[in-house]
Amino acid sequence: VSLDTIPVDYVAKAIVYSALNPEKTKGRIFHLCSGPDSAMPIGELASRVSQAMGGKSPFTIPYGVFRHGLGIMARFSGERNRKALRNLPIFLNYLELPQQFSNQVSKPFFEGAGIQNLSPYAYLPTVLGYYLKSR
């Protein structure tokens, strides 16, 4: 299973460009995604997160146990975590389905406009660095 992520600044630039150039974008559909070549496998993402955290292996719980234990975890959590745990099934449902998104139209179109879509491999270190500094 892979996770197709995209930087918000890429999405914002693509939306602004599209809004300012309706003659080029009217009636077209653009999939703003990493695409099949850049979507990161979840196992690799977990490995990179572990490396960023000093090589500490995350504590793992079998998926089924975790999924069924969400209600119990919520009972023993603060309000903020309880809210996150209530919303987590939405994301777990998403990850259960094999997903692959194509950017074969949008990537060259927006690159031609000077809007570069970075691979998650390029921006993940920055995102993780920010997270580790701010936590």
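**Exercise 1. Elements of the chain**

Task: State how many helices and strands the chain has, then give their order.

Solution. The chain holds eight helices and two strands. This is a predicted model. Now start at the N terminus and read along. The order is β-α-α-β-α-α-α-α-α-α.

**Exercise 2. Overall form**

Task: Compare the radius of gyration of the chain with that of a compact globule of 135 residues.

Solution. Begin with the reference. A compact globule of 135 residues would come out near 14 Å. Next, take the chain itself: its radius of gyration is 18 Å. Then look at the principal axes. The C-alpha trace spans about 55 × 30 × 30 Å along them.

**Exercise 3. Surface and contacts**

Task: Find what share of the residues is buried, and what supplies the exposed area.

Solution. Start inside. Buried residues are 24% of the 135 in the chain. Move to the outside. The chain exposes about 9,700 Å², and carbon and sulfur atoms supply 61% of that area. Now turn to contacts with a separation of 6 or more. Of these, 80% join residues 24 or more positions apart. Last, the charges. There are 15 positive and 8 negative ones, and their mean positions lie 10 Å apart.

**Exercise 4. The largest nonpolar core**

Task: List the residues of the largest nonpolar core and say which helix gives the largest share.

Solution. First, the members. The core has seven residues: Y10, A14, Y17, F30, F109, F110 and I115. Second, the sources. Helices α1 (8-20) and α7 (106-112) each give at least two of them. Third, the largest share. It comes from α1, with three residues. A general tendency fits here: in soluble globular proteins, nonpolar side chains tend to be buried together. Finally, pick one member, F109. Leaving out residues up to four places away in sequence, F109 touches Y17, K24, T25, R28 and F30.

**Exercise 5. Two loop residues**

Task: Decide whether S38 is buried or exposed, and then classify A113.

Solution. Locate S38 first. S38 sits in the loop between α2 (22-25) and β2 (40-41). Buried means under 20% relative accessible area. S38 has 15% relative accessibility, so S38 counts as buried. Beyond residues up to four places away in sequence, S38 touches S119, P120 and Y121.

Now A113. This residue lies in the loop between α7 and α8 (120-134). The relative accessible area of A113 is 29%, so A113 is partly exposed. One more step: compare A113 with N21. The two are 92 residues apart along the chain, and their C-alpha atoms are separated by 10 Å.

How values were computed. Residues are numbered from 1 along each chain as its sequence is written. This is a predicted model: local features need pLDDT of at least 70, side-chain atom pairs count only at pLDDT 80 or more; totals for chains, interfaces and linings use all residues. Side-chain values use heavy atoms; hydrogens and water are left out. Helices (H or I, at least four residues) and strands (E, at least two) are DSSP runs, numbered from the N terminus. The radius of gyration is taken over C-alpha atoms; the globule rule is 2.2 Å times the number of residues to the power 0.38. Buried means under 20% relative accessible area, exposed over 50%, partly exposed in between (1.4 Å probe, protein chains only). Contact means heavy atoms within 4.5 Å. Accessible areas come from the Shrake-Rupley method with a 1.4 Å probe; for residues, only the protein chains shown count as cover. Lys and Arg count as positive and Asp and Glu as negative; His and the chain ends are not counted. The place of a charge is taken as NZ of Lys, CZ of Arg, CG of Asp or CD of Glu. A nonpolar core is a set of buried Ala, Val, Leu, Ile, Met, Phe, Trp, Tyr and Cys residues joined through side-chain atoms within 4.5 Å.
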